Amino acid sequence: MAAHEARKLAEERKHQNMQNDAKASQGQWGRAWEVDWFSLASILFLLIFAPLIVYYFIMSCAQYQCSLIDPLLDLLTGNKHLYDIWNRTPMLTYRAAVIYSLWVTFQVVLYVSIPDFCHKFLPGYVGGVQEGAVTPAGVVNKYEINGLQAWMITHVLWFANASCFHFFSPTIIFDNWIPLLWCANMLGYAVSTFAMIKGYFFPTNAKDCKFTGNFFYDYMMGIEFNPRIGKWFDFKLFFNGRPGIVAWTLINLSFAAKQRELYGEVTNSMILVNILQGIYVLDFFWNEAWYLKTIDICHDHFGWYLGWGDCVWLPYLYTLQGLYLVYHPVQLCTAHAVGVLMLGLLGYYIFRMTNHQKDLFRRTNGNCRIWGKKPKYIECSYMSVDGTKYYSKLLTSGFWGWARHFNYMGDLMGSLAYCLACGFEHILPYFYIIYMTILLTHRCIRDEHRCSSKYGKDWKRYTVAVPYRLLPGIF
Ligand code: NDP
């Protein structure tokens, strides 16, 4: 019933769109209402090929020592057939299913049943109940921010097991890597399908649902904006952060343990990857409240893109450097190692400071200092679907005066550092920087399109004040 009303609302809105394009752009600043052919083709491409890409990368490491060319050559020259490769691929095992079920259940328990206590003793940390941004329907959701606590409990238990209890080997993740891939896929597809059914039949907030009428687009990009079970189990916050990002650092630790088991030592490149990615993950949880104001939570609906992406794409492809280093242990010379560390830390500094400047500016409504001065900004306004007018500000000082998404530059520098830690023998570990460049450039364009329809003329004034998107003077 609620879904039916939302669909009707969508139809009415489409009609208004045709009548008055300019007026309609206000209050329509969420995900697209209509699907063009290019978007549809991209979505079909991703739905078909993204799972194959993940399989291809992981299989290349397991069967071809991380060469991306050799499997193709084998297939093209007839040396091997697809079924030869498939027959050598480990299948789903009972053990992997148990490990994965316990893992996800444990993360659900940490998420829903232990209210945050970290904010009570960690100075500067923002946790506990926090508010998200205003949704297009004018709703403000509350979130229990307890990701840092979940990450800490999980890692304390991991180290306690590795050093004292020895219930399982720290190489457990590497040893079950492909069987776990099938489990992650099952969860990814199950949660995306459930989210779609929920969007139709029992949405959490019908006014924040979007139906384009295109099945594939709706499945991929999601219908519901903030699907929830009960008051607190928020799909986006849970799946975006845990189980995938909590697992990221454990996966790297498991790869380091495997390196030691195989070669008797952990290389400096593996340590660098663990440290740099560890900082990134810890930063994510330390700033989980800030994360409520990012595009993922503020603007993306919950569909296959987030559901499957968080369960499969992120843990399997963001950890390729560590996996590669198990097959190719690289010991870097001191200059190379220091260079990678510096690049990684500089990237992290830019990433963090840029995000911090925007967060501080928005939190204090501009009553703060950026680089020692009162910040400059552009006043802007927008409307939610119920016609309520809201006011906002776009910062033009600090890193936000250099480019409109300088935070993405910092992220890209950090990503390049992880890849450079793996040396230059294979292309596989460089997948991450190639992917991040495409992702963040696309995200930048997507975000600007959305901001332009949200803020209209005010956004134009902002782009005149800050003309570059990513890199000052270039793009
Ligand atoms: P941003 O944090 O840049 O958020 C963009 C939003 O900020 C806009 O939609 C707008 O929202 C607001 N905004 C834009 N310009 C200004 C301004 N000048 N002043 C104030 N507010 C402004 O983008 P993301 O959410 O994409 O990224 C957050 C971080 O996460 C980035 O550092 C990114 O690198 C990282 N990231 C990492 C990924 C990964 O896979 N590793 C994936 C995606 C992101 P509003 O409507 O509120 O005005």
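W86 sits in helix α5, which covers residues 82–87. In this predicted model, W86 counts as partly exposed because its relative accessible area is 40%, which falls between the 20% and 50% cut-offs. Leaving out neighbours within four places in sequence, W86 is in contact with Y55, M91 and W182. F165 is another story: W86 and F165 are 79 residues apart along the chain, and their C-alpha atoms are separated by 37 Å.

Before going further, a word on confidence. The protein averages a pLDDT of 90, and 93% of the residues score at least 70. The stretch to be careful with is residues 5–29, where the pLDDT is below 50. That stretch still has 38 contacts in the model beyond near neighbours in sequence. Where pLDDT is low, though, the predicted coordinates should not be read in detail.

Now look at S60, in helix α3 (residues 37–64). Is S60 buried or exposed? S60 has a relative accessible area of 0%, so it is buried. Setting aside residues up to four places away in sequence, S60 touches Q65, C66, S67, L68 and P71.

Next comes the second largest pocket, with a volume of about 730 Å³. It is lined by 28 residues, and the closest to its centre are I99, W103, W158, F168 and L250. The elements that give two or more residues to this lining are α6 (94–113), α8 (147–165), α9 (172–175), α10 (177–201), α13 and α17 (304–317). Which of them gives the most? That is α6, with seven residues. Sorted by class, the pocket's lining has 22 nonpolar residues, four polar ones and two charged ones.

One of the contributors to that pocket, α13, is worth following along the chain. Just ahead of it, in the loop between α12 (235–241) and α13, you'll find P243. The peptide bond leading from R242 into P243 is cis, with omega near 5°. That is worth a second look because most peptide bonds are trans. Helix α13 itself takes in residues 244–263. Its 20 residues should span 28 Å at 1.5 Å a residue, and since its end C-alpha atoms are 28 Å apart, the model agrees with that expectation. The helix is mostly covered, with 15 of its 20 residues buried. Right after α13 comes G264, which takes a positive phi of about 80°.

Two other residues also have a positive phi, and neither is a glycine. Most residues other than glycine have a negative phi, so these spots are easy to pick out on a backbone plot. H166 has a phi of about 55° and is in the loop between α8 and α9. N365 likewise has a phi near 55°, and its place is the loop between α19 and β5. How open are they to the outside? H166 counts as exposed because its relative accessibility is 53%, over the 50% cut-off. N365, at 48%, counts as partly exposed.

Moving on to enclosed space, the model has three cavities of 30 Å³ or more. About how much space lies in the largest cavity? The figure is about 90 Å³. Its lining is made of 13 residues, and Y280, G344, Y348, G414 and Y418 lie nearest its centre. Three helices each supply at least two residues of the lining: α14 (268–286), α19 (334–363) and α21 (406–420). By class, the lining of this cavity divides into seven nonpolar residues, five polar and one charged.

Of those helices, α21 can be checked in the way α13 was. At 1.5 Å a residue, the 15 residues of α21 should span 21 Å, and its end C-alpha atoms are indeed 21 Å apart. The helix is largely enclosed by the rest of the structure, because 13 of its 15 residues are buried.

Last stop: S384, in the loop between β5 (377–383) and β6 (389–395). Its relative accessibility is 2%, so S384 counts as buried. Between S384 and L122 there are 37 Å in space, C-alpha to C-alpha, and the two are 262 residues apart in sequence.

How values were computed:
Residues numbered from 1 in each chain as written. Predicted model: local features only at pLDDT ≥ 70, side-chain atom pairs only at ≥ 80, totals over all residues. Heavy atoms only, no water. pLDDT = per-residue confidence, 0-100. Contact = heavy atoms within 4.5 Å. Helix = DSSP H or I, 4+ residues; strand = E, 2+ residues; numbered from the N terminus. Expected span 1.5 Å × (residues − 1). Buried < 20%, exposed > 50% of the residue type's maximum accessible area, 1.4 Å probe, protein only. 1 Å grid on protein atoms, 1.4 Å probe; cavity = no way out; pocket = protein on both sides within 12 Å on 5 of 7 lines; lining within 4 Å. Points joined across faces, edges and corners; volume = space filled by probe spheres on them. Nonpolar A, V, L, I, M, F, W, Y, C, P; charged D, E, K, R; others polar.
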